[in-house]
Amino acid sequence: KASRLTERLLTEAKSNEPEITAHLKSTAQKTGAKLVGLENKFKSTESLQRKIFDKSVQTSIPIENISRQINDALRYTYVFAEKDYADGFKSVKNQLK
């Protein structure tokens with residue numbers, strides 16, 4: 001069951017990825033952030049399966065319900081110079097609202 005749900009989550013993430021990535025790249029340009037790690041933007045199948053299974057075991061919540069709580073099958077990282085971090089974070093947060 002976990003593998004079927006994992007594949008569904010990854011398929012959905014891959015379907016949404018081009019639009020999300022374009023939006024986040026635009027946000028990076030507007031805010032002076034650097035978008036890094038794009039080669040790792042998709043959580044691996046194994047990691048996602050493990051996360052679903054472990055959360056289900058820890059909480060006694062059925063796997064089907066846990067999979068609805070997973071929000072990092074697609075993930076991104078912004079980087080700022082240390083001196084710009086607080087203002088940069090606020091700027092990105094405001095752009096993404």
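**Figure 1. Helices H1 and H2 cross with right-handed geometry.** The view is taken from a predicted model. Helix H1 covers residues 2-31 and helix H2 covers residues 45-59. Their axes approach within 9 Å and cross at roughly 120 degrees. That angle falls outside the 65 to 115 range for roughly perpendicular and is not over 145, so H1 is oblique to H2.

**Figure 2. Residues of H1 and H2 that meet at the crossing.** H1 contributes Ala 2, Ser 3, Thr 6, Glu 7, Leu 9 and Leu 10. On the side of H2, the residues are Thr 45, Leu 48, Gln 49 and Ile 52. Sorted by class, the contact of H1 with H2 holds five nonpolar, four polar and one charged residues.

**Figure 3. A salt bridge between Lys 41 and Glu 17.** Four salt bridges are found in a search of the whole structure, and in this one the side chains of Lys 41 and Glu 17 meet with an N to O distance of 3.4 Å. Lys 41 sits in the loop between strand S1 (34-36) and H2, while Glu 17 belongs to helix H1, so the pair ties together parts that are 24 residues apart in sequence. Both Lys 41 and Glu 17 are buried.

**Figure 4. A salt bridge between Lys 51 and Asp 72.** The closest N and O atoms of the two residues are 2.9 Å apart. Lys 51 is in helix H2 and Asp 72 is in the loop between helix H3 (63-67) and strand S2 (77-79); the pair links distant parts of the chain, 21 residues apart. Asp 72 has a relative accessible area of 16%, which is under the 20% cut-off, so Asp 72 is buried. Lys 51, at 23% relative accessibility, counts as partly exposed.

**Figure 5. A salt bridge between Lys 83 and Asp 84, and a network elsewhere.** The closest N and O atoms of Lys 83 and Asp 84 are 3.3 Å apart. Lys 83 counts as exposed because its relative accessibility is 73%, whereas Asp 84 counts as partly exposed at 33%. A further close-up shows Lys 43, Lys 51 and Asp 72, which are joined into one network by salt bridges that share partners.

Key:
Residues are numbered from 1 along each chain as its sequence is written. This is a predicted model: local features need pLDDT of at least 70, side-chain atom pairs count only at pLDDT 80 or more; totals for chains, interfaces and linings use all residues. Side-chain values use heavy atoms; hydrogens and water are left out. Axes are lines fitted to C-alpha atoms, for helices over the stretch in contact, and angles run from 0 to 180 degrees between N-to-C directions. Helices (H or I, at least four residues) and strands (E, at least two) are DSSP runs, numbered from the N terminus. Angles under 35 degrees count as roughly parallel, over 145 as roughly antiparallel, 65 to 115 as roughly perpendicular and the rest as oblique. A crossing is left-handed if the near helix is turned anticlockwise from the far one by less than a right angle, and right-handed if clockwise. Contact means heavy atoms within 4.5 Å. Ala, Val, Leu, Ile, Met, Phe, Trp, Tyr, Cys and Pro count as nonpolar, Asp, Glu, Lys and Arg as charged, and the others, Gly among them, as polar. Buried means under 20% relative accessible area, exposed over 50%, partly exposed in between (1.4 Å probe, protein chains only).
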